[in-house]
Amino acid sequence: MATFSDEKLDSSRVNDVMFDDKSSSSQQVVIDIAAEEKLLRKVDLRVVPSLFLLFLLAFLDRTNIGNAKIQGLVEDLHMKGQDYNIALFIFFVPYILFEVPSNIIIKKVAPSTWLSLIMTLWGIATVGQGLVKNFGGLVACRFLVGLFEAGLFPGCVYIISMYYQRMELQRRLSLFFCASILAGAFGGLLAYALAKMAGIGGYNGWRIFIIEGLATIVIGIASKWFVPDWPETAKFLNEEERALLVARLSRDSGEATMNRLDGPAAKRVAKDWKIYVGIIAYLGVVNTGYATSFFIPTIIKELGYTSAAAQVRSIPIFIVATACAIAVAFATDRLRHRYAFTIAGVVIASIGYILLLCQDRVTVGVKYFAIFLVTSGGYMTQPVTIAWLSNNMSGHYKRSIASACQIGFGNIGGIIASNVFITKQAPKYPTGYGVSLGLMWACAAACTILFFGVRAENKKRDRGERDGRLEDIANVDNLGDDHPHFRFTT
């Protein structure tokens with residue numbers, strides 16, 4: 001896992017910086033560049049790699065049903081019609097409903113304890129998926145996996161966002177997010193290898209869930225000792241390092257804090273238009289993320305390949321998507337800009353979808369290339385939408401709720417992806433490709449609204465049009481990003 005010790009910190013390589021907080025007096029802040037770089041290296045080596053491992057296993061357990069499908073799952077469980085789509089769909093019902101409650105719980109319980117618990121539980125449910133004898137048992141286990149996995153992704157995003165300044169966040173978050181992309185590659189490789197073991201113990205090759213679930217249980221229990229808690233209590237840092245980390249994070253957010261979830265704070269969260277736009281942006285692009293994870297093995301097989309060949313040919317698709325996502329992450333942080341990169345990903349994915357919608361006129365090689373475009377374009381955009389909304393939220397509770405809402409309700413895109421690839425329309429899937437293309441442009445529209453909206457708000461704050469909020473003495477220390485001194489990321 002890469003670290004980022006060579007990056008320039010926000011202090012612009014000076015030792016003494018005067019920060020004008022627009023209050024009655026200015027404050028002299030002394031910055032120890034060497035100490036901060038050393039601290040950042042230590043955080044990089046502990047936070048993202050540990051959460052990356054958890055998310056990799058989560059996405060494998062969630063999406064390897066796509067690999068299992070072409071290894072005999074449907075035939076052995078006597079599934080027919082839209083049964084496979086139902087098995088995909090049921091995962092998202094508890095997954096969506098329990099993400100916000102989970103992120104409220106993780107604020108009150110040590111992250112290491114909470115994530116270890118839910119990971120062990122979904123590992124048990126994943127083992128169950130490999131042992132089921134009928135379609136009903138598969139649906140029940142998928143429901144349980146969705147229930148217990150609900151807290152992992154938003155919880156990890158929340159934890160990572162609390163360790164880094166805003167313009168340090170995207171590349172860390174994208175590296176973490178790459179676990180979900182690489183899960184597609186690992187899933188294909190694992191399914192290919194385990195398919196060779198078909199018949200051992202009387203089990204067919206699709207029961208890869210048993211081995212995956214056992215690995216998840218072991219890592220889940222062990223994660224209690226290596227998953228980081230909050231910066232203020234992180235055990236891998238000493239007291240001096242914790243104080244330095246908290247200080248540099250406070251320097252980034254300034255006075256824009258929200259550490260009380262009281263009535264006024266709850267109203268501010270509920271009325272924040274940025275959260276709702278962020279949900280639409282994520283919903284539009286996550287549909288493509290799940291469509292590729294669930295259906296790429298099937299789509300490739302329907303191009304005329306055997307099951308084994310389809311598993312292997314899915315691997316380079318996700319490797320290329322990973323490289324594209326990482327490249328965008330570095331560029332968007334370096335340029336301190338988000339919007340243009342989301343649109344670039346939408347355009348690339350759209351070209352892929354258009355080729356697939358016109359597949360009667362193109363060769364098999366072009367169809368395969370189109371899948372690369374769809375997957376890479378989608379994964380270029382998806383992690384940027386997450387970091388962008390997090391950048392524009394300030395305060396513990398605001399960021400926690402916003403992340404959970406965006407990821408939770410945005411995962412309605414996963415429900416859509418589960419149901420628009422209609423079995424009877426194979427192998428052309430006009431509904432699946434058409435709906436997914438439309439949702440990508442819904443994402444683009446939401447990102448456009450967010451860009452122009454926050455840019456206009458920054459201008460209003462520059463003109464002092466929001467300074468009246470400072471007169472609310474009772475709540476001025478809990479305004480979050482509504483604080484007039486906070487500036488939004490575009």
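These legends accompany a set of close-up views of the structure above.

The model is predicted, so local features need pLDDT of at least 70 and side-chain atom pairs count only at pLDDT 80 or more, while totals for chains, interfaces and linings use all residues. Residues are numbered from 1 along each chain as its sequence is written, and side-chain values use heavy atoms, with hydrogens and water left out.

**View 1. Two domains meet in the protein chain, domain 1 (44–247) and domain 2 (262–489).**
The domain bounds come from an automatic or database domain assignment. Between the C-alpha centres of domain 1 and domain 2 the distance is 20 Å. Contact here, as in the later views, means heavy atoms within 4.5 Å; by that rule, 53 residues of domain 1 touch 58 residues of domain 2. The size of an interface is often given as the accessible area lost when the parts come together. For domain 1 and domain 2 the buried area is about 5,000 Å², with 67% of it on carbon and sulfur atoms. (Buried area is the accessible area, for a 1.4 Å probe, that two parts lose on being put together, summed over both.) Look on the domain 1 side for R166, M167 and Q170, which lose the most area to domain 2 and together make up 15% of what that side buries.

**View 2. F91 and F92 form one of the 25 aromatic pairs found in a search of the whole structure.**
Their ring centres are 5.1 Å apart and the planes meet at 85°, so this pair is edge-to-face. Rings of Phe, Tyr and Trp (its six-membered ring) pair if their centres lie within 6.5 Å; planes under 30 degrees apart count as stacked, over 60 as edge-to-face and the rest as tilted. F91 is buried, at 0% relative accessibility, and F92 is buried too, with a relative accessible area of 0%. (Buried means under 20% relative accessible area, exposed over 50%, and partly exposed in between, using a 1.4 Å probe and protein chains only.) Step back a little and ring pairs link F91 and F92 into a cluster with F55, F59, Y95, F153, F176, F177, Y290 and Y379.

**View 3. The rings of Y353 and Y433 make a tilted pair.**
Here the centres lie 6.4 Å apart and the planes are at 50°, so the pair counts as tilted. Y353 belongs to helix α14 (residues 339–357) and Y433 to helix α18 (residues 430–462), so the pair ties together parts that are 80 residues apart in sequence. Helices (H or I, at least four residues) are DSSP runs, as are strands (E, at least two), numbered from the N terminus. Both Y353 and Y433 are buried.

**View 4. The charged end of K69 sits over the ring of Y84.**
The distance to the ring centre is 4.8 Å. A charge sits over a ring if NZ of Lys or CZ of Arg is within 6 Å of the ring centre and within 35 degrees of the ring normal.

**View 5. E149 is a buried residue in helix α6 (residues 135–149).**
The relative accessible area of E149 is 0%. Not counting residues up to four places away in sequence, E149 touches A58, D61, R62, F91, Y95 and W122. Readers coming from View 2 will recognise F91 and Y95, which are members of the ring cluster.

**View 6. T385 lies buried in helix α15 (residues 364–391).**
Its relative accessible area is 4%. The T385 side chain reaches the backbone oxygen of Q382 at 2.6 Å. Leaving aside neighbours within four places in sequence, T385 is in contact with A281, Y282, V285, T342, Q406, C443 and C447.

**View 7. Some backbone geometry in the loops deserves a look.**
Most residues other than glycine have a negative phi, and most peptide bonds are trans. A cis peptide bond joins A426 and P427, with omega about 0°; P427 is in the loop between α17 (412–420) and α18. Phi of H78 is positive, near 55°, and H78 sits in the loop between α2 (65–76) and α3 (83–97). With a relative accessible area of 65%, H78 is exposed. R336 also has a positive phi near 55° and is found in the loop between α13 (307–334) and α14. At a relative accessible area of 47%, R336 is partly exposed.

Technical notes. Polar contact = N/O pair within 3.5 Å; in protein donor to acceptor, adjacent residues only side chain to side chain.
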